[in-house]
Amino acid sequence: MSYDREKAVQYANTWWDKGNPQYPYFDNDCANYVSQCLRAGGAPMWGAPNREQGWWMEGGNWSFSWSTAHSLRWYLASSTKGVTATIVSTPQQLDIGDIIVYDFENDGRFDHAAIVTKKVGDEPFVNAHTYNVKERSWDYTDSPASTANMRYLFFKIHDQFTP
């Protein structure tokens, strides 16, 4: 099974400014939204019902990696099953459907997640929830949450899912 980046981006563009009623909506909804986009692209869920394992949403419950940016960061960095990714060094290496996580304070805790939905030349643009944005510059420097210390991780989602 392979990742359909176009479907992930179509979903991201459909739901960028509102919640899909098929899913819960959180006050801090960025990781939930990114997870929904990954799922729309075909990413398989696994690990239920253990909230500390895998990446999943099922029966009104979900894994921490589905719903929390910092946990999604750890899942993408270490997963060897289902949706997997590689950390790349620059945002220019990303394609549509890839993921960026943000540590606004550079304190080691990643606060936000976004999905790449457009590229202009080599520069990616992202969609995100919590403060809903469509096609914002990847660096988020125009965000009120932006700080001079901000740190990013760039996740290149693997095109094939691992059983």
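Okay, before anything else: when I say "helix", I mean a DSSP run of H or I that is at least four residues long, and helices are numbered from the N terminus. With that in hand, let's start at Gln-36, which sits in helix 2, residues 30-40. Keep in mind that we're looking at a predicted model.

So, is Gln-36 buried or exposed? Its relative accessible area is 4%, and the cut-off for buried is under 20%, so Gln-36 is buried. And what does Gln-36 touch, once we skip residues up to four places away in sequence? The list is Tyr-11, Asn-20, Tyr-23, Pro-24 and Trp-66.

Okay, let's zoom out. The protein has four helices and eight strands. If you walk along the sequence, the pattern goes α-α-β-β-α-α-β-β-β-β-β-β. The C-alpha atoms fit in a box of roughly 40 × 30 × 30 Å along the principal axes. For 163 residues, you'd expect a compact globule to have a radius of gyration near 15 Å, and this protein comes out at 14 Å, so the two agree. Of those 163 residues, 49% count as buried. The accessible surface is about 7,700 Å², and carbon and sulfur atoms account for 49% of that. Here's one on contacts: take those between residues at least 6 apart in sequence, and 59% of them join residues at least 24 apart.

Now the inside. The largest nonpolar core has 32 residues, and the ones with the most contacts within it are Leu-38, Trp-55, Leu-76, Ile-99, Ile-115 and Ile-157. Who supplies this core? At least two residues each come from helix 1 (5-15), helix 2, helix 4 (69-78), strand 4 (99-103), strand 5 and strand 8 (151-157). Helix 2, where we began, gives the most, with six residues. Let's pick out Ile-157: beyond its neighbours within four places, its contacts include Leu-38, Leu-76 and Ile-99, along with Tyr-3 and Val-83. There's also a second, separate core of 15 residues, which includes Ala-114, Val-133, Tyr-140 and Phe-154.

Next stop, strand 5, residues 112-120, and in it Thr-117. Thr-117 counts as buried because its relative accessibility is 7%. Setting aside neighbours within four places, Thr-117 is in contact with Val-9, Ala-12, Asn-13, Ile-96, Phe-125, Val-126, Asn-127 and Glu-135. With one of these, Asn-127, the Thr-117 side chain makes a polar contact, side chain to side chain, at 2.9 Å. For a sense of scale, Tyr-152 is 35 residues along the chain from Thr-117, and their C-alpha atoms are 17 Å apart.

Last bit: some backbone oddities to look for on screen. Glu-135, which we just met as a contact of Thr-117, is in strand 7. Glu-135 isn't a glycine, yet its phi is positive, about 55°. It counts as partly exposed because its relative accessible area is 31%. Thr-130 isn't a glycine either, and its phi is positive too, near 90°. You'll find Thr-130 in the loop between strand 6 (123-128) and strand 7 (133-137), and at 22% relative accessibility it is partly exposed.

And which way round is the peptide bond from Ala-48 to Pro-49, cis or trans? It's cis, with omega near 5°. Pro-49 is in the loop between helix 2 and strand 1 (57-58).

That's my tour, thanks!

Terms used: Residues numbered from 1 in each chain as written. Predicted model: local features only at pLDDT ≥ 70, side-chain atom pairs only at ≥ 80, totals over all residues. Heavy atoms only, no water. Buried < 20%, exposed > 50% of the residue type's maximum accessible area, 1.4 Å probe, protein only. Contact = heavy atoms within 4.5 Å. Polar contact = N/O pair within 3.5 Å; in protein donor to acceptor, adjacent residues only side chain to side chain. Core = buried A, V, L, I, M, F, W, Y, C linked by side-chain atoms within 4.5 Å. Rg over C-alpha atoms; globule rule 2.2 N^0.38 Å. Areas by Shrake-Rupley, 256 points an atom, 1.4 Å probe, with all protein chains shown as cover.
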